[in-house]
Amino acid sequence: MLSQECYKKIDRELAKYPADQRQSAVMASLAHAQVELGWLSPETMQEIADYIGMPAIAVQEVATFYNMYNLKPVGKAKITVCTNLPCALSGGERAGQYLKDKLGIDYRETTADGQFTLVEGECMGACGDAPVMLVNNHRMCSFMNDQKIDALVEELKK
(Lines give C-alpha, C1' and ligand atoms only; values in the text may rest on other atoms or scores of the structure.)
Protein backbone atom coordinates (compact mmCIF):
# COMPACT_ATOMS: atom_id res chain seq x y z
CA MET A 1 0.00 0.00 0.00
CA LEU A 2 2.75 2.48 0.93
CA SER A 3 5.40 3.28 -1.66
CA GLN A 4 9.07 2.49 -1.28
CA GLU A 5 9.71 6.24 -1.04
CA CYS A 6 7.36 6.44 1.94
CA TYR A 7 9.13 3.49 3.58
CA LYS A 8 12.45 5.28 3.09
CA LYS A 9 11.04 8.29 4.97
CA ILE A 10 9.75 6.02 7.73
CA ASP A 11 13.15 4.34 7.91
CA ARG A 12 14.77 7.77 8.42
CA GLU A 13 12.37 8.37 11.31
CA LEU A 14 13.08 4.93 12.81
CA ALA A 15 16.83 5.58 12.63
CA LYS A 16 16.42 8.42 15.14
CA TYR A 17 15.53 6.00 17.94
CA PRO A 18 17.14 2.96 19.58
CA ALA A 19 15.91 -0.38 18.20
CA ASP A 20 13.87 -1.07 21.32
CA GLN A 21 12.03 2.27 20.97
CA ARG A 22 10.82 2.03 17.37
CA GLN A 23 7.30 2.99 18.47
CA SER A 24 8.62 6.52 19.06
CA ALA A 25 8.51 7.02 15.29
CA VAL A 26 4.80 6.28 15.01
CA MET A 27 3.60 9.89 14.74
CA ALA A 28 6.06 10.78 12.00
CA SER A 29 5.31 7.50 10.22
CA LEU A 30 1.59 8.25 10.25
CA ALA A 31 2.28 11.75 8.93
CA HIS A 32 4.36 10.39 6.02
CA ALA A 33 1.66 7.87 5.17
CA GLN A 34 -1.01 10.54 5.28
CA VAL A 35 0.94 12.86 3.00
CA GLU A 36 1.23 10.03 0.48
CA LEU A 37 -2.32 8.63 0.73
CA GLY A 38 -4.33 11.63 1.92
CA TRP A 39 -5.81 9.77 4.90
CA LEU A 40 -5.17 6.85 7.23
CA SER A 41 -7.32 3.81 6.60
CA PRO A 42 -7.39 0.95 9.10
CA GLU A 43 -5.29 -1.03 6.61
CA THR A 44 -2.69 1.72 6.46
CA MET A 45 -2.49 1.86 10.25
CA GLN A 46 -2.09 -1.93 10.32
CA GLU A 47 0.68 -1.70 7.74
CA ILE A 48 2.52 0.89 9.83
CA ALA A 49 2.01 -1.17 12.99
CA ASP A 50 3.46 -4.25 11.29
CA TYR A 51 6.42 -2.31 9.91
CA ILE A 52 7.26 -0.60 13.20
CA GLY A 53 6.55 -3.71 15.24
CA MET A 54 3.86 -2.46 17.57
CA PRO A 55 0.24 -3.44 18.17
CA ALA A 56 -2.21 -2.04 15.63
CA ILE A 57 -4.43 -0.76 18.42
CA ALA A 58 -1.55 1.37 19.72
CA VAL A 59 -1.14 2.96 16.29
CA GLN A 60 -4.88 3.56 16.11
CA GLU A 61 -4.83 5.15 19.57
CA VAL A 62 -2.26 7.68 18.38
CA ALA A 63 -4.10 8.38 15.12
CA THR A 64 -7.45 8.90 16.85
CA PHE A 65 -6.03 11.08 19.62
CA TYR A 66 -4.57 13.82 17.41
CA ASN A 67 -6.81 15.77 15.04
CA MET A 68 -4.05 16.26 12.48
CA TYR A 69 -4.61 12.71 11.26
CA ASN A 70 -7.39 12.11 8.76
CA LEU A 71 -9.26 8.89 9.52
CA LYS A 72 -11.48 9.19 6.48
CA PRO A 73 -10.94 10.73 3.06
CA VAL A 74 -10.81 14.52 3.05
CA GLY A 75 -10.98 17.17 0.39
CA LYS A 76 -8.00 18.36 -1.59
CA ALA A 77 -7.76 21.23 0.89
CA LYS A 78 -8.45 20.52 4.55
CA ILE A 79 -8.99 23.80 6.38
CA THR A 80 -8.73 23.66 10.15
CA VAL A 81 -10.21 26.64 11.99
CA CYS A 82 -8.91 27.29 15.48
CA THR A 83 -11.93 27.59 17.76
CA ASN A 84 -10.04 27.43 21.04
CA LEU A 85 -11.09 30.21 23.44
CA PRO A 86 -8.51 32.90 22.56
CA CYS A 87 -9.18 32.51 18.83
CA ALA A 88 -12.93 32.21 19.39
CA LEU A 89 -12.94 35.50 21.30
CA SER A 90 -10.83 37.13 18.60
CA GLY A 91 -13.00 36.25 15.63
CA GLY A 92 -12.40 32.52 15.20
CA GLU A 93 -16.06 31.56 15.63
CA ARG A 94 -17.14 34.27 13.19
CA ALA A 95 -14.46 33.29 10.66
CA GLY A 96 -15.48 29.64 10.95
CA GLN A 97 -19.12 30.52 10.35
CA TYR A 98 -18.19 32.68 7.35
CA LEU A 99 -16.21 29.77 5.89
CA LYS A 100 -19.05 27.30 6.56
CA ASP A 101 -21.49 29.62 4.78
CA LYS A 102 -19.10 30.21 1.90
CA LEU A 103 -18.40 26.52 1.33
CA GLY A 104 -21.91 25.33 2.14
CA ILE A 105 -20.67 22.71 4.62
CA ASP A 106 -20.34 22.29 8.36
CA TYR A 107 -17.36 21.16 10.39
CA ARG A 108 -16.27 17.58 9.62
CA GLU A 109 -17.84 17.76 6.16
CA THR A 110 -16.43 17.84 2.65
CA THR A 111 -17.80 19.80 -0.29
CA ALA A 112 -19.63 17.75 -2.92
CA ASP A 113 -16.81 18.37 -5.43
CA GLY A 114 -14.23 16.95 -3.00
CA GLN A 115 -12.32 20.21 -2.98
CA PHE A 116 -12.65 21.30 0.67
CA THR A 117 -12.97 19.69 4.08
CA LEU A 118 -13.61 21.91 7.09
CA VAL A 119 -12.65 20.95 10.64
CA GLU A 120 -12.38 22.61 14.02
CA GLY A 121 -8.98 22.67 15.66
CA GLU A 122 -7.59 23.30 19.08
CA CYS A 123 -4.85 25.75 19.93
CA MET A 124 -2.34 26.24 17.14
CA GLY A 125 0.02 28.33 19.25
CA ALA A 126 -0.68 31.57 17.43
CA CYS A 127 -3.30 33.20 19.65
CA GLY A 128 -1.98 36.69 18.88
CA ASP A 129 -2.67 36.10 15.18
CA ALA A 130 -6.34 35.16 15.61
CA PRO A 131 -8.37 34.11 13.85
CA VAL A 132 -6.04 31.36 12.70
CA MET A 133 -6.53 28.60 10.12
CA LEU A 134 -4.33 25.72 9.07
CA VAL A 135 -4.37 24.36 5.51
CA ASN A 136 -3.53 20.67 5.07
CA ASN A 137 -1.76 20.61 8.45
CA HIS A 138 1.19 22.51 6.98
CA ARG A 139 0.28 26.13 6.19
CA MET A 140 -0.72 28.58 8.91
CA CYS A 141 -2.97 31.48 7.90
CA SER A 142 -3.32 34.37 10.36
CA PHE A 143 -5.65 37.32 10.91
CA MET A 144 -8.30 35.68 8.71
CA ASN A 145 -10.94 38.28 7.92
CA ASP A 146 -13.60 37.82 5.21
CA GLN A 147 -11.38 39.17 2.45
CA LYS A 148 -8.46 36.91 3.39
CA ILE A 149 -10.79 33.91 3.60
CA ASP A 150 -12.20 34.73 0.13
CA ALA A 151 -8.66 34.99 -1.29
CA LEU A 152 -7.60 31.73 0.38
CA VAL A 153 -10.59 29.82 -0.98
CA GLU A 154 -9.98 31.18 -4.48
CA GLU A 155 -6.29 30.26 -4.30
CA LEU A 156 -7.07 26.74 -3.11
CA LYS A 157 -9.59 26.20 -5.91
CA LYS A 158 -6.76 26.45 -8.46
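A residue counts as buried when its relative accessible area is under 20%, as exposed when that area is over 50%, and as partly exposed in between. With that in hand, welcome to a quick tour of this chain, which is a predicted model. Asn137 makes a handy first case: its relative accessible area is 24%, so Asn137 is partly exposed. The notes below go from the whole chain to a few residues that you may like to find on screen.

**The chain as a whole**

- The chain holds 6 helices and 5 strands.
- Reading from the N terminus, the order of elements is α-α-α-α-β-α-β-β-β-β-α.
- The C-alpha trace spans about 50 × 35 × 25 Å along its principal axes.
- Of the 158 residues, 43% count as buried.
- Among contacts in the chain with a separation of 6 or more, 60% come from residues 24 or more positions apart.

**Surface and charge**

- About 8,600 Å² of the chain is exposed, and carbon and sulfur atoms supply 53% of that area.
- The chain carries 16 positive and 21 negative charges, and the mean positions of these two sets are 6 Å apart.

**Val26 and its neighbours**

- Val26 belongs to helix α2, which covers residues 26-37.
- Val26 has a relative accessible area of 5%, so this residue is buried.
- Leaving aside residues up to four places away in sequence, Val26 touches Ile52, Met54, Val59 and Val62.
- Between Val26 and Ile57 there are 12 Å in space, C-alpha to C-alpha, and the two are 31 residues apart in sequence.

**Backbone points in the loops**

- Arg108 sits in the loop that links α5 (85-103) to β2 (109-110).
- The phi angle of Arg108 is near 70 degrees, a positive value in a residue other than glycine.
- Arg108 is exposed because its relative accessible area, 68%, is over the 50% cut-off.
- Asn137 is placed in the loop between β4 and β5 (139-141).
- For Asn137, phi is near 65 degrees, which is again a positive value in a residue other than glycine.
- Pro131 is part of the loop between β3 (116-121) and β4 (133-135).
- The peptide bond that leads from Ala130 to Pro131 is cis, and its omega is near -5 degrees.

Conventions: Residues are numbered from 1 along each chain as its sequence is written. This is a predicted model: local features need pLDDT of at least 70, side-chain atom pairs count only at pLDDT 80 or more; totals for chains, interfaces and linings use all residues. Side-chain values use heavy atoms; hydrogens and water are left out. Helices (H or I, at least four residues) and strands (E, at least two) are DSSP runs, numbered from the N terminus. Buried means under 20% relative accessible area, exposed over 50%, partly exposed in between (1.4 Å probe, protein chains only). Contact means heavy atoms within 4.5 Å. Accessible areas come from the Shrake-Rupley method with a 1.4 Å probe; for residues, only the protein chains shown count as cover. Lys and Arg count as positive and Asp and Glu as negative; His and the chain ends are not counted. The place of a charge is taken as NZ of Lys, CZ of Arg, CG of Asp or CD of Glu.
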